[in-house]
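Colleague: Got a minute to walk me through this one? I'd like the overall picture, then the details.

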Amino acid sequence: MSAQAPSAYGQFASGTGIMPGYMSGFGNGFETEALPGALPIGRNSPQKCPYGLYAEQLSGSAFTAPRTVNERSWLYRIRPTVMHWGAFKKAASDLWRTAPSQEVEMPIAPLRWGPVPIPSMSLSFVEGIRTMTTAGDAGAQAGMGAHLYVATRSMQDEYFYNADGEMLVVPQEGPLRFRTEFGIIGVEPGEICVIPRGVKFAVDLPGGPARGYICENYGGAFTLPERGPIGANCLANQRDFLTPVAAYEDRDEAGTLLVKWGGSFWATAIDHSPLDVVAWHGNYAPYKYDLRKFSPVGPILFDHADPSIFTVLTSPSETPGTANVDFVIFSDRWLVAENTFRPPWYHLNVMSEFMGLVCGVYDAKTGGGFQPGGASLHNTLLPHGPDVDAFEKASDAELKPHKLEGTLAFMFETRFPQKVSRFAAEHPALQKDYGAYGRKLRKNFDPRLPEAR
Ligand SMILES: O=C(O)Cc1cc(O)ccc1O
Ligand SMILES: [Fe+2]
């Protein structure tokens with residue numbers, strides 16, 4: 001153990017004394033130390049680091065990337081990562097897939113799944129990741145994987161990092177505690193966290209079994225969308241993003257380090273915790289965000305705006321305005337538009353849309369099939385829109401101001417077509433009749449009635 005007494009968080013010690021502790025801002029140059037004076041001042045790489053620590057740089061972008069997208073952090077740690085590096089053996093990938101992956105061919109139909117139950121078997125967060133779709137090519141740093149996780153146990157002396165993509169985690173049931181190299185992040189349903197590629201972590205389940213969604217982003221790091229004419233405020237505000245203060249484990253116990261690299265899983269035995277970063281500074285770090293702090297902007301007179309107004313985070317591609325992935329939410333808000341069909345319109349989108357529901361009812365699907373914990377896929381240029389129940393209700397609704405409350409749906413929207421995994425294609429939660437929901441709409445056309453009824 002280190003000289004510092006263990007905190008209430010067991011092996012973790014923190015400079016703040018309050019755990020977990022966070023720093024506010026998005027993409028800041030943060031600096032934090034769990035022991036006083038652990039962070040070298042005015043230089044990155046002194047001849048000898050305080051407390052006998054090793055200095056290590058973690059680069060999230062090319063060294064020469066422009067400043068606005070240049071990401072790196074300096075970590076002052078008990079052992080550099082090369083010391084965690086043993087003889088790696090290939091490990092089973094279970095149900096986690098990486099693009100390109102074509103396991104099955106699905107008809108060009110809309111797809112939807114009910115909630116995948118949390119099994120009673122022992123599953124850590126990493127073991128419980130089940131790929132639903134993959135898109136693009138991880139090796140080309142383009143596209144994404146959309147996954148579910150179902151977890152029943154905390155990770156004990158097991159550590160993981162993902163070299164293929166950053167992980168945006170959307171809890172749907174149960175809180176999660178991420179013990180990362182950079183510090184501790186706690187999240188619960190209604191919040192998200194993002195773990196950049198290359199960051200080691202372990203996940204505890206402080207509230208028992210947990211379920212949720214993950215966007216594994218192979219492309220440009222998630223960033224805040226431009227606000228354009230909206231101006232300097234609303235949508236997701238920088239100050240509401242929270243990055244953990246430094247916290248470290250000085251723990252010499254046998255364990256395993258698992259690495260996802262090039263779509264494969266590699267494991268090595270380790271005799272200590274690699275979560276041993278005592279101080280760090282930089283702008284490449286994990287963060288959390290409470291989606292309830294999102295300030296939606298929308299049409300306040302008529303019409304239904306494109307869902308891009310609800311973008312929380314965007315992973316840009318090389319083509320301006322065409323996202324590698326957008327993370328979009330549909331959260332509590334007022335609907336006020338006059339003489340307007342207020343739910344989403346019928347549409348075909350060249351981007352592909354994977355959706356999940358954290359809680360409540362989604363306004364395009366009031367017929368009951370889109371359930372919390374469930375998922376849907378409206379792939380590249382496949383037609384979709386409100387189900388018959390939502391269409392008929394919204395067509396006849398009195399258009400007074402109406403508040404959507406207690407609802408949180410989201411979309412991972414990517415420029416690439418999504419391939420469905422075998423797990424998703426064969427899971428009993430797949431709703432076999434969903435593809436035909438459009439057929440239930442009635443023909444209302446009457447050439448004698450030009451006025452809207
Ligand atoms: O298809 C969906 O449900 C997502 C969506 C919502 C919306 O308000 C407009 C377009 C869109 O793709
Ligand atoms: Fe859509």
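Modeller: Sure. First a term: helices and strands here are DSSP runs, at least four residues for a helix and at least two for a strand. Also, this is a predicted model.

Colleague: OK. What does UniProt place at residues 22-291?

Modeller: The UniProt record, an unreviewed entry, has the feature "domain: Homogentisate 1,2-dioxygenase N-terminal" there. That span is 0% helix and 43% strand. Its end C-alpha atoms lie 17 Å apart.

Colleague: And how many helices and strands in the protein?

Modeller: Two helices and 28 strands.

Colleague: Does the radius of gyration fit a compact globule, or what would one have?

Modeller: A compact globule with 453 residues would have a radius of gyration near 22 Å, and the protein has 23 Å, so the two agree. The C-alpha atoms fill a box of roughly 85 × 45 × 40 Å along the principal axes. Buried residues make up 45% of the 453.

Colleague: What about contacts across the sequence?

Modeller: Take contacts between residues at least 6 apart in sequence. Of these, 78% join residues at least 24 apart.

Colleague: Switching to domains. Which ones are assigned?

Modeller: Domain 1 covers 12-291 and domain 2 covers 295-434. Their C-alpha centres lie 27 Å apart. At the interface, 48 residues of domain 1 are in contact with 50 residues of domain 2.

Colleague: Which strand gives the largest share of the domain 1 side?

Modeller: S8, with seven residues. Strands S7, S8, S9, S11 and S16 each supply at least two residues of that side.

Colleague: What's the chemistry of that side?

Modeller: The domain 1 residues touching domain 2 divide into 28 nonpolar, 14 polar and six charged.

Colleague: You mentioned S16. Is Tyr-213, which sits in that strand, buried or exposed?

Modeller: Tyr-213 is buried, because 24 other C-beta atoms lie within 10 Å and the cut-off for buried is 20 or more.

Colleague: What does Tyr-213 touch, leaving out residues up to four places away in sequence?

Modeller: His-147, Leu-148, Val-170, Gln-172 and Gly-356.

Colleague: And how far is Tyr-213 from Ser-264 in space?

Modeller: 21 Å, C-alpha to C-alpha, with their positions 51 residues apart in sequence numbering.

Colleague: Last topic. Which residues are around ligand 1?

Modeller: Pro-307, Pro-344, His-347, Asn-349, Glu-353, Ala-364, His-378, His-384 and Met-411. The shell divides into four nonpolar, four polar and one charged.

Methods. Residues are numbered from 1 along each chain as its sequence is written. Chains are lettered from A and ligands numbered from 1 in the order in which they are written. This is a predicted model: local features need pLDDT of at least 70, side-chain atom pairs count only at pLDDT 80 or more; totals for chains, interfaces and linings use all residues. A residue is near a molecule or strand if its C-beta atom, placed from the backbone, lies within 6 Å of it. Ala, Val, Leu, Ile, Met, Phe, Trp, Tyr, Cys and Pro count as nonpolar, Asp, Glu, Lys and Arg as charged, and the others, Gly among them, as polar. Domain bounds come from an automatic or database domain assignment. Two residues are in contact if their C-beta atoms, placed from the backbone, lie within 7 Å. UniProt positions are given in the numbering used here, feature names are shortened, and annotations may be inferred rather than shown by experiment. The radius of gyration is taken over C-alpha atoms; the globule rule is 2.2 Å times the number of residues to the power 0.38. A residue is buried if 20 or more other C-beta atoms lie within 10 Å of its own, exposed if 12 or fewer, and partly exposed in between; C-beta atoms are placed from the backbone.
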